[in-house]
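Here's a quick briefing on the structure shown just below. Have it open while you read, and look up each residue as it comes up.

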Amino acid sequence: MQFIEARQPPPIQKPNTQKVLTSLELFAGAGGLALGTHAAGFKHLGLVEWDAFAVKTLRGNSRRVLNVHPDSVFHCDARTVAYKQFAGQVDLLSGGPPCQPFSNGGQSRGPEDTRDMFPVFLDTVAEIMPHAILIENVRGLLRENFRVYFRYILKRLQFPLCAKEENATWQNHYKRLLTLTEKDFADEEQYRVAYQLINTADYGIPQIRERVIITAFRRDLGIDTFQLKATHSKEALFMDQWVTGRYWTQRNTSSYDYLSLTDKEIVEKLRNQLFPVEDRLPWLTIRDVIHDLPTPVKRGDREEIPNHIQHPGARVYPGHTGSILDYPAKALKSGVHGTPGGENVLCIPPEGVIRYLTAREAARLQTFPDEWYFHGSWGACMKQLGNAVPAELIRLFSKEIRQRLANVLV
């Protein structure tokens, strides 16, 4: 089977910088944020995470991959860390606060959910006043019922030193924040804040995963906020698959119809040149990133590839129909009560084979390098991966942040 090297997702690169900029990360999870910021050239001062399996994964890889001592991975509740010890030392504060309070599949209690850790992150900003901020969360954060709370988050990031009074509600705090202007604080006491709703497939990640990315720069640095331009598109993939046929020829495989009615309408417009195709690369597919992996071994057999073990019992059902081999994967999920649902199932044509993704395959869909080993059972690994952020996506945003910081700090 032949593949075009340019179609492969870019590997996580080792940083090559003249001056090391520092980072501190909250809610580190299995390491997607850590890998991305590291690859962009940031040196981790600390990684905070409470989940035991995720901590074991972080510590098991930290020295070898991140060049960070395992003791820099803090296994604790993020609310218990004395963050003032990092004041004046952090160039980038990053984190992915738990998404369950805002996820479409959760209870949707938002700020009333005890798992909402945005207040912890926002308090940390006030304590250490980093040069830049990077936050990742689910699209659900932008839902109408959370619209005011999201505005509150952005306003609190802008004026982090306007502290929330004890026993005050976030709504009352928001009213106070709305009365502030830039003249009420010195430039080094406030931030320029921006956010962007993105689909990870549009940035070369082989997974359709919509996320909100919040970035901010301390105002005294004079750095403008940014919107990261997409580089890939579905239309370009459909052009390769269904207009020129180049996709199937390059992979030495036969085409098969997996398109929805809406997708077929797009293809028809592409064929008739009625649909504008921007100068973007095709979306990457599952096949593009797992084609070189051997057949997974069964449970109990010796692993040829780390984390590449087949979990039995896969099935699809209404609303959870699995991911198609020649299309980006559906967003991986962590699973609420054990084994994740159909989103973590792979459908392989033409035989129609249905099986669970292995943890290694899922790691590639999240653009983790193969050298990154996940600790725990298959279910524990898939939970870590379902909660993770694609490392390559964070590298792209972190690279832009680092370049802007370097222009004024180096």
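Rings of Phe, Tyr and Trp (for Trp, its six-membered ring) pair if their centres lie within 6.5 Å; planes under 30 degrees apart count as stacked, over 60 as edge-to-face and the rest as tilted. With that in hand, here's a group to look for: ring pairs link Phe238, Trp242, Tyr247, Trp248, Tyr256, Tyr258, Trp283 and Tyr327 into a cluster.

Keep in mind that this is a predicted model, where local features need pLDDT of at least 70 and side-chain atom pairs count only at pLDDT 80 or more, while totals for chains, interfaces and linings use all residues. Residues are numbered from 1 along each chain as its sequence is written, and side-chain values use heavy atoms, with hydrogens and water left out.

**Aromatic rings**

- Searching the whole structure turns up 23 aromatic pairs.
- One of them joins phenylalanine 102 and phenylalanine 146, edge-to-face, with 5.2 Å centre to centre and 85° between the planes.
- Phenylalanine 102 sits in the loop between strand 4 (92-95) and helix 3 (118-128), and phenylalanine 146 in the loop between strand 5 (132-138) and helix 4 (147-158), so this pair ties together parts that are 44 residues apart in sequence. (Helices, H or I with at least four residues, and strands, E with at least two, are DSSP runs numbered from the N terminus.)
- Phenylalanine 102 also pairs with tyrosine 149: the ring centres are 6.0 Å apart and the planes are at 15°, so this pair is stacked.
- That second pair links distant parts of the chain too, with tyrosine 149 in helix 4, 47 residues from phenylalanine 102.
- Are these rings buried or exposed? Phenylalanine 102 is buried at 0% relative accessibility, and tyrosine 149 is buried with a relative accessible area of 3%. (Buried means under 20% relative accessible area, exposed over 50%, and partly exposed in between, using a 1.4 Å probe and protein chains only.)
- Phenylalanine 146 is buried as well.
- Back at the cluster's Tyr247, the charged end of arginine 251 sits over the ring, 3.9 Å from its centre. (A charge sits over a ring if NZ of Lys or CZ of Arg is within 6 Å of the ring centre and within 35 degrees of the ring normal.)

**Helix 6 meets helix 8**

- The axes of helix 6 (residues 234-243) and helix 8 (residues 261-271) come within 10 Å and cross at roughly 75°. (Axes are lines fitted to C-alpha atoms, for helices over the stretch in contact, and angles run from 0 to 180 degrees between N-to-C directions.)
- That crossing makes helix 6 and helix 8 roughly perpendicular to each other. (Angles under 35 degrees count as roughly parallel, over 145 as roughly antiparallel, 65 to 115 as roughly perpendicular and the rest as oblique.)
- On the helix 6 side, Lys234, Glu235, Phe238, Met239, Trp242 and Val243 meet Asp263, Ile266, Val267, Leu270 and Arg271 of helix 8. (Contact means heavy atoms within 4.5 Å.)
- Sorted by class, this contact has seven nonpolar, no polar and four charged residues. (Ala, Val, Leu, Ile, Met, Phe, Trp, Tyr, Cys and Pro count as nonpolar, Asp, Glu, Lys and Arg as charged, and the others, Gly among them, as polar.)
- Aspartate 263, in helix 8, counts as buried at 10% relative accessibility.
- Not counting residues up to four places away in sequence, aspartate 263 touches Lys234 and Phe238.

**Helix 3 and what follows**

- Helix 3 has these buried residues: Phe118, Val120, Phe121, Leu122, Thr124, Val125 and Ile128.
- Their cover includes strand 1 (21-26), strand 4, strand 5, helix 4 and strand 6 (191-199).
- Just after helix 3, methionine 129 takes a positive phi of about 45°.
- Methionine 129 is buried, with a relative accessible area of 13%.

**Two asparagines with positive phi**

- Asparagine 67, in the loop between helix 2 (52-66) and strand 3 (73-75), has a phi near 55°.
- Asparagine 67 is exposed, with a relative accessible area of 56%.
- Asparagine 252 has a positive phi of about 50° although it is not a glycine, and its place is in the loop between helix 7 (246-250) and helix 8.
- Asparagine 252 is exposed, at a relative accessible area of 62%.
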